[in-house]
Amino acid sequence: MGLELAPDNNQIGVFYEEFVLDAEMVLVDSLTSSTNPVSRGVLVVGHETDPFFGTTEATTYSRLFIDVSADRPLSEAILDSMFFALDVIAVNGEDLTAPKTYSVHKLIEPILDTVYYTSDKVDFELDPFAKGEVVFDEVKDTIVNLSVKPEFSEELFSYMKRGPEFDNLLSFRRLYPGVAIKATDGDQTTLGLQQGVNTGLMVYYHYPEDTVSTLYRLSTGSSRAFVGIESDRTGTPTEAITQANLSYDVGSKVGMKAGLGMALKIDTSPIDQFLDTLQGINFNQVLFEIGEVDAIPEGQNAMFSYYIYFTDQRNKFIRRDLDNNPLTLQLTGQPQTELDGDDNTILPVRAPAQSIFSETSKKYSVDISSYLNAIFRGELTRTDWLLYGGLVTTASQDDDFKKSLRQFVVNKDKIKIKVIYSKRR
């Protein structure tokens, strides 16, 4: 209290400083989007346009799975209905009281047993076999049933009853390589779909004299899938960003966008300039803060959080020689260095600091007191930072930065380090 009014009369020796860190934008290279066929992933489908990032479209490509041990309809079975179901677990969009339209298309070529990236896509039929509208309003988790065209339903059901194509999974996938699930231009909405038994074709049928329908599923469960991202940034501040792993100065505003892989490169050299002015002090609290961010349209959600990765002039993660894990700024209160088996000092990776968005303040904030103390004591060498919205390890590439199209935009002068420190007596 009162330090700003009478800084020269500071009898308690506590001081406050803040300084701005410059930021540039980086398109992260090699953003893998393949899901594990064994585990259930999150499939992203959306179409968004805004003045800063332009138009971004996410399309899900997936194989379909059949249980060859399940009972197939016999020749006398009668088709009741067929839907393509979407197991919606997240909705991020504008004007959610208006209907949003989704379509499902048959793939022309197969999805291969390889790693796919967000820049990849697979050819599909332009005419969808399933399409439908949904009004989400306040509902963010639901099952959406898209109507399947009668001619597609009849053909598929005839194969199910009599065709050898359903005898085994390979034969089935030669007939139906998979699906592309798309959003509609102008809907300004992105869905997170749960990969699994509830996302896929639902076939209901019955037998003569039987009043109860039987369900046969052709699902995305146990299937290889990936999300392809297309971006048109023409006429926007981010139009100049064309090459991966190059940092771009795009003007007075910067931002991050998940799915697209837009990250922030932070120039931390002002930290050295600040520390050079100090001696005989203790850091009480140090915050790295971004925001307030620009206004977010109603129905949209900002990126939930990001992690602070150490980077170099190549704008890539700096990785440990020990296990190739990327190095992150560690939580305050946790060791910032440790010893390996040969008593060599290495940087830990077990407690990465996570900066979380506050809906109240509209800011991202994280305590970096232990980090700055380690820099000040010479235990750490300062590097620049790459802010990335997911946690990446060698054990898993399935991070949150691939599971949505969430974003934020902020003025560069609102990217700051705020320091409270005291002088030693």
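These are my notebook entries on one predicted chain, covering its overall build, one helix, its cores and some salt bridges.

**Ground rules**

I worked with a predicted model, where local features need pLDDT of at least 70, side-chain atom pairs count only at pLDDT 80 or more, and totals for chains, interfaces and linings use all residues. Residues are numbered from 1 along each chain as its sequence is written, and side-chain values use heavy atoms, with hydrogens and water left out.

**Entry 1: the whole chain**

I began with the secondary structure and found four helices and 25 strands. Here helices (H or I, at least four residues) and strands (E, at least two) are DSSP runs, numbered from the N terminus. Along the principal axes, the C-alpha atoms fill a box of roughly 95 × 55 × 40 Å.

Next I looked up burial, and 51% of the 425 residues turned out to be buried. My cut-offs are under 20% relative accessible area for buried, over 50% for exposed, and partly exposed in between (1.4 Å probe, protein chains only). The accessible surface is about 20000 Å², with 48% of that belonging to carbon and sulfur atoms. Those areas come from the Shrake-Rupley method with a 1.4 Å probe; for residues, only the protein chains shown count as cover.

I also checked contacts (heavy atoms within 4.5 Å). Of those with a separation of 6 or more, 80% join residues 24 or more positions apart.

**Entry 2: helix 1**

I tested the length of helix 1 against 1.5 Å times one less than its number of residues. For its 13 residues the expected span is 18 Å, and the end C-alpha atoms are 18 Å apart, which agrees.

Which residues of helix 1 are buried? I noted Phe 152, Ser 153, Leu 156, Phe 157, Met 160 and Lys 161. Seen down the axis, these buried residues fall within an arc of 155°, so they line one face of the helix. The arc is that of the directions from the helix axis to the C-beta atoms. Glu 151, Glu 154 and Arg 162 are exposed on the other side. The buried residues pack against strand 5, strand 8 (142-148), strand 11 (200-206) and strand 12 (214-219).

**Entry 3: the cores**

I then searched for nonpolar cores, meaning sets of buried Ala, Val, Leu, Ile, Met, Phe, Trp, Tyr and Cys residues joined through side-chain atoms within 4.5 Å. The largest has 69 residues, and Phe 283, Phe 288, Trp 385, Leu 387 and Ile 417 have the most contacts inside it. Apart from it lies another core of 39 residues, among them Met 82, Phe 157, Val 179 and Leu 201. As background, nonpolar side chains tend to be buried together in soluble globular proteins.

I listed the partners of Ile 417, leaving aside neighbours within four places in sequence; they include Glu 17, Phe 19, Ile 271, Phe 288 and Trp 385.

Ile 308 caught my eye next: the residue is found in strand 18 and is buried at 0% relative accessible area. With the neighbours within four places left aside, Ile 308 is in contact with residues including Phe 288, Leu 327, Val 366, Trp 385 and Leu 387. Its C-alpha lies 8.1 Å from that of Ser 355, although the two are 47 residues apart in sequence.

**Entry 4: salt bridges**

How many salt bridges does a search of the whole structure find? I got 22, taking a side-chain nitrogen of Lys or Arg within 4 Å of a carboxyl oxygen of Asp or Glu.

I looked at Arg 72 and Asp 167, whose closest N and O atoms are 3.0 Å apart. Arg 72 lies in the loop between strand 4 (54-62) and strand 5 (78-93), and Asp 167 in the loop between helix 1 (150-162) and helix 2 (169-175), so the pair ties together parts that are 95 residues apart in sequence. Asp 167 is partly exposed at 47%.

Arg 382 and Asp 272 pair at 2.7 Å, N to O. This pair links the loop between helix 4 (369-376) and strand 23 (384-388) with helix 3 (residues 269-275), 110 residues apart. Both are partly exposed, Arg 382 at 24% and Asp 272 at 30%.

My last lookup was Arg 320 with Glu 338, at 3.5 Å, N to O. Shared partners join Arg 320, Asp 323, Glu 338 and Arg 350 into one network. Is Arg 320 buried or exposed? Arg 320 is buried, with a relative accessible area of 11%.
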